Amino acid sequence: MAIKKKFVKKGGWQTIESFRNLSGTGFFVYPQGARIRVRYGSGKRWRGFTWQEKKLTGRQWMKLSVADIGTIARARIQISVKEDTHVTYQIYLGDSAVLMPELQ
């Protein structure tokens, strides 16, 4: 899978990948200090829940797993950054085992 880069603006939580009726694994490395999480639900605070919140170090890949919970809820991988920047990541769809990518 190719490494993706996406521009994100500073501020609150922003969705960078969405899943519905799918499972998947995401690996994130840059930018240092950014926070990433998996959010399940409709987007409203009282209609969803957060899972696996992590902070990026810029030195190693961080892994987030998204479970397929059917049509009950959608899942989103979200990021929060302190300044406008690019995020570097990889996404693998499906529930097969995926090894951590090498940092280059």
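This passage walks through the strands, the core and a few individual residues of a predicted model.

Taken as a whole, the protein has 104 residues, and buried ones make up 41% of them. Its secondary structure is quickly told: there are eight strands and zero helices, so the pattern read along the sequence is simply β-β-β-β-β-β-β-β. Contacts reach well along the chain, too. Of those between residues at least 6 apart in sequence, 78% join residues at least 24 apart.

Four of the strands come together in an open sheet, in the order β1-β8-β3-β6, with antiparallel pairing. The edges of this sheet are taken by β1 (4-8) and β6 (62-66); each has a single partner strand, so one side of each is left without a neighbour in the sheet. Direction ignored, neighbouring strands here are turned by 30 degrees against each other on average. As for what holds such an arrangement together, strands of a sheet pair through backbone hydrogen bonds, either parallel or antiparallel. At the β1 edge, the pairing with β8 (residues 85-93) runs over five bridges in the antiparallel sense.

One residue of that edge strand is worth a stop. K6 sits in β1, and its bridge partner in β8 is V87. With a relative accessible area of 31%, K6 is partly exposed. Sequence separation says little about its surroundings: K6 and H86 are 80 residues apart in the chain, yet their C-alpha atoms are 5.3 Å apart in space. Leaving out residues up to four places away in sequence, K6 touches T85, H86, V87 and Y89, along with I16 and E17. With I16 there is also a polar approach, as a polar atom of the K6 side chain lies 2.7 Å from the backbone oxygen of I16.

Strand β4 (residues 35-41) has a rather sheltered place. Six of its seven residues are buried, so the strand is largely enclosed by the rest of the structure. It has antiparallel partners in β5 and β7. Six bridges link β4 to β5 (residues 48-55), where V38 stands opposite W51. Another pairing, also with six bridges, joins β4 to β7 (residues 75-80), and there I36 has I79 as its bridge partner.

Next comes the interior. In soluble globular proteins, nonpolar side chains tend to be buried together. The largest nonpolar core in this model has 19 residues, and those with the most contacts inside it are I16, F28, I36, V66, I77, I79 and V87. Several strands feed into this core: β2 (14-19), β4, β6, β7 and β8 each supply at least two residues. I77 gives a good idea of how these pieces meet. Neighbours within four places in sequence aside, I77 is in contact with Q14, T15, I16, E17 and F19, with F28, with R37 and V38, with L64 and V66, and with I91. V87, the bridge partner of K6 in β8, is among the best-connected members of the core as well.

The model also holds three aromatic pairs. One of them, F27 with Y92, is edge-to-face, with 6.0 Å from centre to centre and 80 degrees between the planes. F27 belongs to β3 (residues 24-30) and Y92 to β8, so this pair ties together parts that are 65 residues apart in sequence. Both F27 and Y92 are buried. Another pair is made by Y40 and F49, whose ring centres are 5.2 Å apart and whose planes stand at 25 degrees, so this one is stacked. The two rings of the stacked pair differ in their exposure: Y40, at 4% relative accessibility, counts as buried, whereas F49, at 42%, counts as partly exposed.

Y92 has a further partner, this time a polar one. Q90 is found in β8, and its side chain makes a polar contact of 2.8 Å with the side chain of Y92. Although Q90 has a polar side chain that takes part in this contact, the residue counts as buried, at 5% relative accessibility. Within β8, then, Y92 has an aromatic partner in F27 and a polar one in Q90.

Methods. Residues numbered from 1 in each chain as written. Predicted model: local features only at pLDDT ≥ 70, side-chain atom pairs only at ≥ 80, totals over all residues. Heavy atoms only, no water. Pairing = 2+ DSSP bridges. Axes fitted to C-alpha atoms, helices over the stretch in contact; angles between N-to-C directions. Buried < 20%, exposed > 50% of the residue type's maximum accessible area, 1.4 Å probe, protein only. Core = buried A, V, L, I, M, F, W, Y, C linked by side-chain atoms within 4.5 Å. Contact = heavy atoms within 4.5 Å. Polar contact = N/O pair within 3.5 Å; in protein donor to acceptor, adjacent residues only side chain to side chain. Phe/Tyr/Trp six-rings, centres within 6.5 Å; stacked < 30°, edge-to-face > 60°.
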